[in-house]
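Biologist: I would like to learn how to read a model like this one. Can we go through it feature by feature?

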Amino acid sequence: MANINLAIVGCGGMGTRHLRGLAELQKHGLSEFNLVALCDPVLDNANLLADEAAERFGTRPAVVPALAELAAHGVQAVDITTTPRYHHTLAVEALELGWHVMCEKPVGLTVECCRRIREARSRTGRVLSVAENYRRDPMNRLAKAVLESGAIGEPRLMIHNMLGGADRMTISVWRHMKDQSGVLLDVGVHFTDILEYYLGPAVTAYGQVRLHEPVRRNPAAGKDNDMSSNPAGIYGRWQKVMPATFEPTAEDAAYGTITHANGAVTQFVEDHAGHGRGVFQRQLFGARGSMDLPNDRSGQPVTVHLADGKSLTGDEVLGLVPDFRLEEATAALFGGERLGGYDLPFTEIDPRIIAIEYAELGQVLTGRKPAVEVDIEQGMRSVALVYALMESSLLNRAVTMDEVLAGSVNGYQAEIDEVLFP
Ligand SMILES: NC(=O)c1ccc[n+]([C@@H]2O[C@H](COP(=O)([O-])OP(=O)(O)OC[C@H]3O[C@@H](n4cnc5c(N)ncnc54)[C@H](O)[C@@H]3O)[C@@H](O)[C@H]2O)c1
């Protein structure tokens, strides 16, 4: 164990959360990694994280401001947790240097960025894993097994509705800027991954997107303890120095209809400008029953409504899938192979799910698993499906995934690509 020299590239919020995930994996004796270095041009961020690493691992990783400098530290794999705008440049550079890569979602800022990563990956033959965490939640694993068991019959419809946020900033200013990853991409890419996880490839999308809130408010500006949009409670020190108000450039709401190759349809609402009562609703309707799916990373149970009128929830659902087992690392981290729910605070759920991502990468790099689950193809599809809603809105017609993946429909993304690839 601990044979693969790893560096975390990007030492902000998610870099910190990944470090805690790695520590969680190590605590369970399942880590194949040796954290040798941290990279961030903001050296304060890297040094603070190095201090935390020293506490958690007993050794302080080296700190460098630029990716190329990692070569001096014997790095074999990098974990890219920077803002999305830099994912493609860093991933391509790392792959070309012969390193394996795990990259946070969205794997690229645009479909073109993803295409460039895909080319570098096939050119170099290195492993590239997209750190897409929602599907790895034990409750999504259970619900997927129930769907595959046929208990609710062939899937016909997914309803995916998320509304809330009003005019508040979602975690950081960059998440509201089109050229850095608007909130529909930043959050929506998790949801598009989930749609294809359950229902398979999307084929067409019709969307209407809106920028409802012309001014966003940062309630944490100048304060020490505002927790309004602060996952795992670690973004406060950056939010404190962000502006109290700013003008977003990216849309904050998407309303869409998506068709899948298996004939199923998704009704999709992602509205980060929702006022009044917030909503999270994810339901799957099949030919013989339906399922209510909980919010990701909540540990809340799955509920299944069967043809005979019975409803099963929590551990009762396990009876529908007698052969269902969580894979080894997930079971070890969450304390059981067959879970109908789990009761943990977010600060304990988050590192466990990130630990699963590292565990899988370690298994692939040591030849114990043939391939990563979320590869560049799937990561690129999830990015393309988000943009399909925006491209559709711009054209005021349904678009196909093929058009968006091929780049023949890219009017919405063009202004970002023109700056990135002049
Ligand atoms: N999977 C999840 O649940 C989840 C949650 C939050 C964020 N994310 C993703 O993680 C990524 C980072 O988000 P965040 O919230 O940590 O952002 P952040 O702004 O908190 O941190 C980004 C860090 O990257 C650094 N950085 C920028 N350019 C760099 C470069 N060229 N080399 C090295 N470091 C660089 C910044 O200085 C900063 O420290 C994004 O892609 C985001 O979508 C995923």
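Biologist: Start with Asn396. Is Asn396 buried or exposed?

Modeller: Bear in mind that this is a predicted model. Asn396 is exposed, because its relative accessible area is 55% and the cut-off for exposed is over 50%. Asn396 sits in the loop between α10 (376-395) and β17 (399-400).

Biologist: What is the phi of Asn396?

Modeller: General idea to begin with. Most residues other than glycine have a negative phi. Now the case here. Asn396 is not a glycine, yet its phi is positive, about 55°. Arg297 also has a positive phi, near 60°, and is not a glycine. Arg297 belongs to the loop between β14 (290-293) and β15 (303-305).

Biologist: Is Arg297 buried or exposed?

Modeller: Arg297 is buried, because its relative accessible area is 15% and buried means under 20%.

Biologist: Now peptide bonds. Which form does the bond from Lys105 to Pro106 take, cis or trans?

Modeller: In general, most peptide bonds are trans. The bond from Lys105 to Pro106 is cis, with omega near -20°. Pro106 is part of the loop between β5 and α4.

Biologist: Which residues does Val189 contact, beyond its neighbours within four places in sequence?

Modeller: Lys105 and Pro106 are among them, so the cis bond comes up again here. The others are Glu132, Leu184, Ser382, Val383 and Val386. Val189 itself is in helix α6. Val189 counts as buried because its relative accessible area is 2%. Its C-alpha atom is 16 Å from that of Met14, and the two residues are 175 apart along the chain.

Biologist: How do I read a nonpolar core?

Modeller: In soluble globular proteins, nonpolar side chains tend to be buried together. In this model, the largest nonpolar core has 125 residues. Leu70, Val78, Tyr198 and Met291 have the most contacts inside it. Helix α6 (residues 183-199) gives the largest share of this core, 11 residues. Apart from this core lies another, of 10 residues, including Met169, Ile171, Tyr235 and Phe246.

Biologist: What does Leu70 touch?

Modeller: Leave out residues up to four places away in sequence. Leu70 then touches Ala7, Val9, Ala37, Cys39, Val64, Val75, Val78 and Trp99.

Biologist: Next, a helix. How many residues of α3 are buried?

Modeller: One general point helps. An α-helix has 3.6 residues a turn, so residues three or four places apart point the same way. For α3, 7 of its 10 residues are buried, and the helix is mostly covered. The buried residues are His87, His88, Leu90, Ala91, Val92, Ala94 and Leu95.

Biologist: What covers the buried residues of α3?

Modeller: The cover includes strands β1 (4-9), β4 (77-80), β5 (100-104) and β6 (128-131). It also includes helices α4 (111-124) and α12 (411-420). Just after α3, Gly98 takes a positive phi of about 90°.

Biologist: Where does His160 lie?

Modeller: His160 lies in strand β7 (residues 155-165). With a relative accessible area of 0%, His160 is buried. Setting aside residues up to four places away in sequence, His160 touches Phe191, Leu195, Gln267, Phe268, Val269, Phe280, Gln281 and Arg282. The side chains of His160 and Arg282 make a polar contact at 3.4 Å. The C-alpha atoms of His160 and Leu284 are 8.8 Å apart, with their positions 124 residues apart along the chain.

Biologist: Last, the ligand. Which residues come nearest to the ligand?

Modeller: Of the 29 residues around the ligand, Met14, Asp40, Asn45, Lys105 and Asp186 come nearest. By class, the shell has 12 nonpolar, 10 polar and 7 charged residues. The largest share of the shell, 3 residues, comes from α1.

Biologist: Which polar atoms lie by the oxygen atoms of the ligand?

Modeller: Take the side chains to begin with. A ligand oxygen atom is 2.9 Å from an N or O atom in the side chain of Arg175. For the side chain of Asn133, the distance from a ligand oxygen atom to an N or O atom is 3.0 Å. A polar backbone atom of Thr82 is 3.4 Å from an oxygen atom of the ligand. As for cover, the ligand on its own has 850 Å² of accessible area, and the protein covers 89% of that.

Terms used:
Residues are numbered from 1 along each chain as its sequence is written. This is a predicted model: local features need pLDDT of at least 70, side-chain atom pairs count only at pLDDT 80 or more; totals for chains, interfaces and linings use all residues. Side-chain values use heavy atoms; hydrogens and water are left out. A nonpolar core is a set of buried Ala, Val, Leu, Ile, Met, Phe, Trp, Tyr and Cys residues joined through side-chain atoms within 4.5 Å. Buried means under 20% relative accessible area, exposed over 50%, partly exposed in between (1.4 Å probe, protein chains only). Helices (H or I, at least four residues) and strands (E, at least two) are DSSP runs, numbered from the N terminus. Contact means heavy atoms within 4.5 Å. A residue is near a molecule or strand if one of its heavy atoms lies within 4 Å of it. A polar contact is a pair of N or O atoms within 3.5 Å; within protein, one must be able to donate a hydrogen and the other to accept it, and residues adjacent in sequence count only if both atoms are side-chain atoms. Accessible areas come from the Shrake-Rupley method with a 1.4 Å probe; for residues, only the protein chains shown count as cover. Ala, Val, Leu, Ile, Met, Phe, Trp, Tyr, Cys and Pro count as nonpolar, Asp, Glu, Lys and Arg as charged, and the others, Gly among them, as polar.
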